Structures are given as structure tokens and as C-alpha cells.
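Please take a moment with the sequence and the three-dimensional view before reading on. The paragraphs that follow move from the enclosed and open spaces to the aromatic rings, and then to a few single residues.

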Amino acid sequence: MSRFTPGELAVMQILWEQGELKPSELQELFPEPIKNPALRSYLAILVEKGHISRRKVGKAYYYKAITRRKAAFRSTIRQIVDAYCEGSARKLILDLIRAEKLSQDELLELKRLADDPQQ
């Protein structure tokens, strides 16, 4: 799965949260002011990459996410693990734990979660 640019990710986040929308609705919800041509460029790229679909209703096009948020997240994590952690998820987790300076209680909670096969 290809990485999202910041603008593409903003579009995806809106579609994940709101569902199917017209470009004008996306533009209103975009986190910062965006001109219509820039938004339409993001939409075209995301359609081409296969992350969103569009359908025509009358004269309007509606866009919706095809790629699920969880799949995109897992792909991004895998890319981070490969690029920064020598392919080791363990190294990523240890780096996160050390960076967050977790309390003893938080560490025990993580251990409990890791030991529980139902989680």
C-alpha cells in the first residue's frame, strides 16, 4: 500500500469519519483552507491509487473510502518498522515505551494485555 501525503491523509480521515461525501462537503470539513483544484487533485490521486471510489449522482460526484483505516494504519506501521526499526516490531515497541516513560502501573497493564490471548 502506498503512503499517503499529508493532504491525501486529511482527505482519507474525513472520509473515514464522515462516509461518502461530495467535494464541496469535503472542502468544508478540510482541516485548513483548501482551493477546489488542490482538493480535486487529491481526490483524483486517491481514486487512481485505489484508496477511494467515486460515483455520479445527477451532476455530482460522491467519494468514499475503499481502503479501511485499520489496513492503512497497519501498512504505515509496517513501513515505519522496516525503515526505522530494522524490521523489528519489538524494537519499535521498546522505543515507544522508552520514549513515553511509562509508569510501573502502565508497564504492568501492557504486560497483562500482552499475556491475554483474548486482547
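A cavity, in the sense used here, is a set of grid points where a 1.4 Å probe fits but cannot get out, whereas a pocket is an open set with protein on both sides within 12 Å along at least five of seven lines. A volume, for either of them, is the space filled by probe spheres set on the points. The model to which these terms are applied is a predicted one.

With that definition in hand, one cavity of 30 Å³ or more is found in the structure, and the volume of the largest cavity comes to about 30 Å³. Which residues line the largest cavity? Its lining is made up of Met-1, Ser-2, Arg-3, Phe-4, Ala-72, Ser-75, Thr-76 and Gln-79. Sorted by class, the lining of the largest cavity contains three nonpolar residues, four polar ones and one that is charged.

The largest pocket, for its part, has a volume of about 250 Å³. The residues that line this pocket are Arg-3, Phe-4, Leu-9, Gln-13, Trp-16, Arg-69, Ala-72, Phe-73, Thr-76, Gln-79 and Ile-80, and by class they comprise six nonpolar, three polar and two charged residues. At least two residues of the lining come from helix 1 and at least two from helix 4, which spans residues 69-84. Helix 4 gives the largest share of the lining, with six residues.

From the spaces we can turn to the aromatic rings. A pair of aromatic rings is described by two quantities, namely the distance of the centres and the angle of the planes. Two aromatic pairs are present in this structure. In one of them, Phe-4 and Trp-16 meet edge-to-face, with 6.3 Å from centre to centre and 80° between the planes. This pair links distant parts of the chain, since Phe-4 belongs to the segment before helix 1 (6-18) while Trp-16 sits in helix 1, 12 residues apart. Both Phe-4 and Trp-16 are buried.

The other pair is formed by Phe-30 and Tyr-42, which are stacked, with their centres 6.4 Å apart and an angle of 10° between the planes. Here too the pair links distant parts of the chain, with Phe-30 in the loop between helix 2 (23-29) and helix 3 (36-49), and Tyr-42 in helix 3, 12 residues apart. Are these partners buried or partly exposed? Phe-30 counts as buried because its relative accessible area is 8%, whereas Tyr-42 counts as partly exposed because its relative accessibility is 24%.

Charged side chains also come to lie over aromatic rings. Arg-54 is placed over the face of Tyr-61, at 3.9 Å from the ring centre, and Arg-55 is placed over the face of Tyr-62, at 5.5 Å from the ring centre.

Next comes a residue of a strand. Ala-65 is part of strand 2, which covers residues 60-65, and it counts as partly exposed because its relative accessibility is 24%. Which residues does Ala-65 contact, once its neighbours within four places in sequence are left aside? The contacts of Ala-65 are Met-12, Leu-15, Trp-16, His-51 and Ile-52, and one of these, Trp-16, is the residue already met as the edge-to-face partner of Phe-4. Between the C-alpha atoms of Ala-65 and Glu-25, which are 40 residues apart along the chain, the separation is 15 Å.

The last stop is at the loops on either side of helix 5. Most residues other than glycine have a negative phi. Glu-86, however, has a positive phi, near 55°. Glu-86 lies in the loop between helix 4 and helix 5, and it counts as exposed because its relative accessible area is 73%. In that loop, between helix 4 and helix 5 (89-100), Gly-87 is also found; Gly-87 is partly exposed, at 35% relative accessibility. Leaving aside its neighbours within four places in sequence, Gly-87 is in contact with Arg-78, Val-81 and Asp-82.

Lys-101, which is not a glycine, likewise has a positive phi, of about 50°. Its place is in the loop between helix 5 and helix 6 (104-115), and Lys-101 counts as exposed because its relative accessible area is 70%.

Key. Residues are numbered from 1 along each chain as its sequence is written. Side-chain values use heavy atoms; hydrogens and water are left out. Rings of Phe, Tyr and Trp (its six-membered ring) pair if their centres lie within 6.5 Å; planes under 30 degrees apart count as stacked, over 60 as edge-to-face and the rest as tilted. Helices (H or I, at least four residues) and strands (E, at least two) are DSSP runs, numbered from the N terminus. Buried means under 20% relative accessible area, exposed over 50%, partly exposed in between (1.4 Å probe, protein chains only). A charge sits over a ring if NZ of Lys or CZ of Arg is within 6 Å of the ring centre and within 35 degrees of the ring normal. On a 1 Å grid over the protein atoms alone, a cavity is a set of points where a 1.4 Å probe fits but cannot get out, and a pocket is an open set with protein on both sides within 12 Å along at least five of seven lines; lining residues have an atom within 4 Å of a point. Ala, Val, Leu, Ile, Met, Phe, Trp, Tyr, Cys and Pro count as nonpolar, Asp, Glu, Lys and Arg as charged, and the others, Gly among them, as polar. Contact means heavy atoms within 4.5 Å.
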